[in-house]
Amino acid sequence: MPVASAVLFAAGLVMQYTGVEFFASPAVRFCWYLAAYFPVGLPVLREAWNGMRQRDFFTEYTLMSLAAIGAFYIGEYPEGVAVMLFYSIGEALQERAVERARRNIRALVDIRPEQANVLEDGKPVAMPAAQVVPGRTIEVLPGGRVPLDGVLLSEAAPFNTAALTGESTPRTICKGDEVLAGMISSQHPVRIEVTRPYGESALSRILSMVEEAAARKAPAELFIRRFARIYTPVVTGLAVLIVALPGLWSLLHGGFAYSFDEWLSRALVFLVASCPCALVISIPLGYFSGIGVASKAGVLFKGGSYLDAIARVNTVVFDKTGTL
């Protein structure tokens, strides 16, 4: 949708400033820019309305809605479209960055095979791992990755656990001990009794924990949210004063020429310049992007607060095998 608005917005500016004859009509300009406004403006207006219904009157959506509606009122149609368009482009870039980070996290963590060899009448039958229920027995061949959490039924066997623990040395698991999804059978076929469904394995819990890291806010994120809650109504009140005070002054001093449209325009400029969208979007996005970039390098962070913590680390101690 931002693409359609951007095309209409750019074409309108070209026609307006090159003096295209049919675009000289105020009605044509209004309709043209209104068409450019709707694709990017309606979602913001909807968010502002939903916030008001929940008694959350002062949000960045409210500020942008007021600024855009005011710009259309005073005839500055391009400015009204630009506010919403640039915000929508920023939102699209944010979603793209978050999705890329989420893909990096999944690529790092979700190493479970999608198929499992389930024993039926003593013979392995391939079936989707998500359909295997606890209590069934699966077989993992040498070099194969374990698809589900379970208990080892075979005799003691070595497993490569590097994907879960970072430990480079194979670990010997004895009969009756737990085997986790993501481990690799190192030497010979093993049989495992499944104890948890596919979506509840230890690896699934790690994946969910990291993907939901954005919900665990760092102190800076929590502060900026609280700041925006106070800042937004203050800015709105100041914008109202910018319009009202000169009017009151003109009533007290007749020599002062007061133009409502002129002072409304100044108030709208103040609203747009003061909108906290950049702060509210950039700080959470910065943390989530940091988590995503770290995951691409093989490092998992459980939340933004841990990014802050690692910034204060100056010494890291490893054991002799290099496991953190």
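Which helix holds L251? Keep that question in hand; Exercise 1 settles it.

The model is predicted, so local features need pLDDT of at least 70 and side-chain atom pairs count only at pLDDT 80 or more, while totals for chains, interfaces and linings use all residues. Residues are numbered from 1 along each chain as its sequence is written, and side-chain values use heavy atoms, with hydrogens and water left out.

**Exercise 1. Place L251 and describe the nonpolar patch that includes L251.**

Step 1. L251 lies in helix α7, residues 219-252. Helices are DSSP runs of H or I with at least four residues, strands are runs of E with at least two, and both are numbered from the N terminus.

Step 2. L251 is exposed, with a relative accessible area of 71%. Exposed means over 50%, buried under 20% and partly exposed in between, using a 1.4 Å probe and protein chains only.

Step 3. I230, V234, L238, L241, L245, L248 and L251 make a nonpolar surface patch of about 690 Å². Patch members have over 30% relative accessible area and no salt bridge; nonpolar side chains (Val, Leu, Ile, Met, Phe, Trp, Tyr) are joined within 5 Å, like charges within 9 Å. Areas come from the Shrake-Rupley method with a 1.4 Å probe.

**Exercise 2. Find the positive patch and the helix that gives the most to it.**

Step 1. On the surface, R96, R100, R103 and K296 gather in a patch of positive charge. Lys and Arg count as positive, Asp and Glu as negative, with His and the chain ends not counted.

Step 2. With three residues, helix α4 (residues 77-109) gives the most to this patch.

Step 3. R96 is in helix α4, and its relative accessible area of 60% makes R96 exposed.

**Exercise 3. Describe the β1-β2 hairpin and the backbone of D121.**

Step 1. β1 and β2 pair in the antiparallel sense over six bridges. Two strands count as paired if DSSP finds at least two bridges between them. Within the pairing, N117 stands opposite A126 in β2.

Step 2. The hairpin has two residues between its strands. D121 is in this loop, between β1 (115-120) and β2 (123-128).

Step 3. The phi of D121 is near 55 degrees, a positive value in a residue other than glycine. Most residues other than glycine have a negative phi.

Step 4. At 83% relative accessibility, D121 is exposed.

**Exercise 4. Trace salt bridges that link parts of the chain, and compare them with one inside a helix.**

Step 1. The structure holds six salt bridges. A salt bridge is a side-chain nitrogen of Lys or Arg within 4 Å of a carboxyl oxygen of Asp or Glu.

Step 2. R136 and E120 meet at 3.2 Å, N to O. R136 is in the loop between β2 and β3 (137-140) and E120 in strand β1, 16 residues apart, so the pair links distant parts of the chain.

Step 3. D149 and R196 form a salt bridge, their closest N and O atoms being 2.6 Å apart. D149 is in the loop between β3 and β4 (150-152) and R196 in the loop between β9 (190-194) and α6 (202-211), so this pair ties together parts 47 residues apart in sequence.

Step 4. D149 is buried at 0% relative accessibility, whereas R196 is partly exposed at 24%. A network of salt bridges links D149, E178 and R196.

Step 5. For the helix, take R266 and E262, whose closest N and O atoms are 2.7 Å apart. Both lie in helix α8 (residues 260-274), four residues apart, about one turn of the helix.

Note on methods. The place of a charge is taken as NZ of Lys, CZ of Arg, CG of Asp or CD of Glu.
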